[in-house]
Each structure stands twice: as C-alpha cells, then as structure tokens.
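Here's a quick walk through the fold, starting with the strands and then moving on to what packs around them. Keep the viewer open as you read.

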Amino acid sequence: IDILEHLNSIKEVEIALDNIYNLTTKYALFSIPFIGDIKLEADKTYKIKKTKEWWIWKITKGGFKILDTPQNWLFKEQIIIGVKDENRMHKMSCNNN
C-alpha cells in the first residue's frame, strides 16, 4: 500500500487504515517514505510527513501487529509489514464499556 503519505489529513489516514484492516485477510505491506528520506521532500504529492516511529504507532493503532522487514528486500528502509491483530475488535468493544 503506497498511498497513506499522499492523503490530506491524519483523519483520512485513520479512515484508510480502517478500510485496509477491514479488507485485508491477513497481511498488509506499507511503503512509506519517512522523515529523513530524501525522497520525502523531492515529491510534492507527499502530504503526511512523519517519522517511521509515528507510522508504526499509527498502523499499530489501526489494528496491525508489526513484523520485521526482511533485510534483503529492496527499499526495506520504507517498508512496514503488518499482520492483522484479530483481537482488535474485542479490544475496541472492551474500550467502549
């Protein structure tokens, strides 16, 4: 998924992550340039400019557990792999009580 950094607001990122969670059967691969990546400033279509830690936090809040990116992958610096946390719905319903 290579769109999150192009969205107009954090709210849109949250909505997109919710949709990704609902449509994904198990894994999601996110490709996101982070602060410190020279490509982030080179492309004017990047609107959400955050650190890798922030994106990991946001993707985790979106219901994914983060897996290690294989070191032999191209562009591993900007890849985040998430696996659906099947307990997300249970956690959300518990938090509403």
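## The sheet

This is a predicted model, and a good place to begin is its open sheet of 3 strands, ordered β1-β3-β2 with antiparallel pairing. The edges are β1 (27-31) and β2 (64-67), each of which pairs on one side only. Neighbouring strands in this sheet are turned by 35 degrees against each other on average, ignoring direction.

What holds strands like these side by side? In general, strands of a sheet pair through backbone hydrogen bonds, in either a parallel or an antiparallel way. Here, β1 and β3 run antiparallel and are joined by 5 bridges. If you want a spot to click on, serine 31 has isoleucine 79 of β3 as its bridge partner. On the other flank, β2 and β3 (residues 79-84) pair in the antiparallel sense over 4 bridges. Two of the pairings to look up there: isoleucine 66 has glycine 82 in β3 as its bridge partner, and phenylalanine 64 has lysine 84 in β3.

## A covered strand

How many of the residues of β3 are buried? The strand is mostly covered, with 6 of its 6 residues buried. As a general point, side chains in a regular strand alternate between the two faces of the sheet. In β3, Ile79, Ile81 and Val83 point one way, while Ile80, Gly82 and Lys84 point the other way. Both sets are buried, Lys84 included.

## Helices on top of each other

Helix α3 (residues 52-61) lies across β1, β2 and β3, and runs at about 140 degrees to β2. Helix α3 also meets helix α1 (residues 10-23): the two axes come within 10 Å and cross at roughly 50 degrees. That crossing angle makes α1 oblique to α3, because it falls between the roughly parallel and the roughly perpendicular ranges.

Which residues make the contact? From α1 come Ile10, Val13, Glu14 and Leu17, and from α3 come Trp54, Trp55, Lys58 and Ile59. Sorted by class, the contact of α1 with α3 has 6 nonpolar residues, 2 charged ones and no polar ones.

## Aromatic pairs

Searching the whole structure turns up 4 aromatic pairs. One of them is tyrosine 21 with phenylalanine 64, an edge-to-face pair at 5.7 Å centre to centre, with 75 degrees between the planes. Tyrosine 21 sits in helix α1 and phenylalanine 64 in strand β2, so this pair ties together parts that are 43 residues apart in sequence. Are these two buried or exposed? Tyrosine 21 is buried, with a relative accessible area of 4%, and phenylalanine 64 also counts as buried, at 1% relative accessibility.

Another is tryptophan 54 with tryptophan 57, a tilted pair at 6.2 Å centre to centre and 55 degrees between the planes. This pair stays inside one element: both tryptophans lie in helix α3, 3 residues apart, which is about one turn of the helix. Tryptophan 54 has a relative accessible area of 18%, so it counts as buried, whereas tryptophan 57 is at 42% and so counts as partly exposed. To complete the aromatic picture, Tyr21, Phe30 and Phe64 form one cluster.

## An odd phi in a loop

Where is phenylalanine 75? Look in the loop between β2 and β3. Phenylalanine 75 has a positive phi of about 60 degrees, even though it is not a glycine. For background, most residues other than glycine have a negative phi. Phenylalanine 75 counts as exposed because its relative accessibility is 52% and the cut-off for exposed is over 50%.

## The start of the chain

One more stop: aspartate 2, in the segment before α1. Aspartate 2 is partly exposed, with a relative accessible area of 44%. The C-alpha atoms of aspartate 2 and leucine 29 are separated by 8.6 Å, with the two residues 27 apart along the chain.

Conventions
Residues are numbered from 1 along each chain as its sequence is written. This is a predicted model: local features need pLDDT of at least 70, side-chain atom pairs count only at pLDDT 80 or more; totals for chains, interfaces and linings use all residues. Side-chain values use heavy atoms; hydrogens and water are left out. Two strands pair if DSSP finds at least two bridges between them. Axes are lines fitted to C-alpha atoms, for helices over the stretch in contact, and angles run from 0 to 180 degrees between N-to-C directions. Contact means heavy atoms within 4.5 Å. Buried means under 20% relative accessible area, exposed over 50%, partly exposed in between (1.4 Å probe, protein chains only). Angles under 35 degrees count as roughly parallel, over 145 as roughly antiparallel, 65 to 115 as roughly perpendicular and the rest as oblique. Ala, Val, Leu, Ile, Met, Phe, Trp, Tyr, Cys and Pro count as nonpolar, Asp, Glu, Lys and Arg as charged, and the others, Gly among them, as polar. Rings of Phe, Tyr and Trp (its six-membered ring) pair if their centres lie within 6.5 Å; planes under 30 degrees apart count as stacked, over 60 as edge-to-face and the rest as tilted.
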